Amino acid sequence: MHKKLRLRNRADFSRVYRHGKSFANHQFVLYWSRKKEVEQFRVGVSCSKKIGNAVVRNRMRRVVKEIVRHHQHEIVEHIDLIFIVRKGALSKSYQELEKSVLHVLRKSSLLKPKKG
């Protein structure tokens, strides 16, 4: 995932948590907030130590970022997103995680309408 598409500093995370909206399913919680200065969108992924050790947490972060990268053309612009990984995501395959990420994005109306 490109550097400018990543949500990195603590102030941005705090702003999204405080003022953003949230939607959830069994695998993820999605917090999002509008940010006009952002040209496309920015993504942050949070994994608690309850999920597992560093290897497991980093793998989940990489998988979520890869799913978002594959679907970046479908996500609306000018928003900050934070995905919080839940324990339910650990036992899922890549395809199931992809379906779950798209489900939570669709639920929060952050996917562009399909043309045609």
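Select Arg 106. This residue lies in helix α3. Is Arg 106 buried or exposed? Its relative accessible area is 52%, and the cut-off for exposed is over 50%, so Arg 106 counts as exposed. Keep in mind that this is a predicted model. Now add Arg 8 to the selection. Arg 106 and Arg 8 are 98 residues apart along the chain. Their C-alpha atoms are separated by 24 Å.

**Helix α3**

Widen the selection to residues 94-107, which make up helix α3. Does the length of this helix fall short of, or agree with, what its 14 residues should span? At 1.5 Å a residue, the expected span is 20 Å. The end C-alpha atoms are 20 Å apart, so the two values agree.

Colour the buried residues of α3 next. They are Leu 97, Glu 98, Ser 100, Val 101, Leu 102, Val 104 and Leu 105. What covers them? The cover includes β1, β2, α2 and β4.

Pick Ser 100 from that set. It sits in helix α3. Its relative accessibility is 6%, and buried means under 20%, so Ser 100 counts as buried. Show its contacts, leaving out residues up to four places away in sequence: Ser 100 touches Asn 25, Gln 27 and Phe 28.

Then step past the end of the helix. Ser 109 follows α3. The phi of Ser 109 is positive, near 60°.

**The sheet**

Hide the helices and show the strands. How many strands form the sheet, and in what order? There are 4, in the order β1-β2-β4-β3. The sheet is open and its pairing is mixed. β1 and β3 stand at the edges. Each has a single partner strand, so one side of each is left without a neighbour in the sheet. From one strand to the next, the twist averages 20°.

Walk across the sheet, starting at β1. Select residues 21-24 for β1 and residues 28-34 for β2. These strands run antiparallel and are joined by 4 bridges. A hairpin of 3 residues connects β1 to β2. For one facing pair, select Ala 24: Val 29 in β2 stands opposite.

Move on to β4, residues 79-85. β2 and β4 are also antiparallel, with 7 bridges between them. Which residue of β4 is the bridge partner of Arg 34? It is Ile 79.

Finish the walk at β3, residues 41-47. Here the sense is parallel: β3 and β4 pair over 7 bridges. Select Arg 42 to find its bridge partner in β4, Asp 80. Of the 7 residues of β3, 6 are buried, so this strand is largely enclosed by the rest of the structure.

**Ser 33, a stop in β2**

Go back to strand β2 and select Ser 33. At 10% relative accessibility, Ser 33 counts as buried. Its contacts, not counting residues up to four places away in sequence, are Arg 15, Val 16, Gly 20, His 78, Ile 79 and Asp 80. Add Ser 22, which is 11 residues from Ser 33 along the chain. The C-alpha atoms of this pair are separated by 9.1 Å.

**Helix α1**

Show residues 10-19, helix α1. Which of its residues are buried? They are Asp 12, Phe 13, Arg 15 and Val 16. Look down the axis of α1. The buried residues fall within an arc of 160°, so they line one face of the helix. They pack against β2, β3 and β4. Turn to the other side of α1, where Arg 10, Ala 11 and Arg 18 are exposed.

**The nonpolar core**

End with the core. How many residues does the largest nonpolar core have? It has 27. Select Leu 81, Phe 83, Val 85 and Leu 105, which have the most contacts inside this core. The elements that give two or more residues to it are β2, β3, α2, β4 and α3.

Make Leu 105 the last selection. Leaving aside residues up to four places away in sequence, Leu 105 touches Leu 30, Ile 75, Leu 81, Phe 83, Leu 110 and Leu 111. Leu 105 is also one of the buried residues of α3, the helix where Arg 106 lies.

Technical notes: Residues numbered from 1 in each chain as written. Predicted model: local features only at pLDDT ≥ 70, side-chain atom pairs only at ≥ 80, totals over all residues. Heavy atoms only, no water. Pairing = 2+ DSSP bridges. Axes fitted to C-alpha atoms, helices over the stretch in contact; angles between N-to-C directions. Expected span 1.5 Å × (residues − 1). Buried < 20%, exposed > 50% of the residue type's maximum accessible area, 1.4 Å probe, protein only. Contact = heavy atoms within 4.5 Å. Arc of directions from axis to C-beta. Core = buried A, V, L, I, M, F, W, Y, C linked by side-chain atoms within 4.5 Å.
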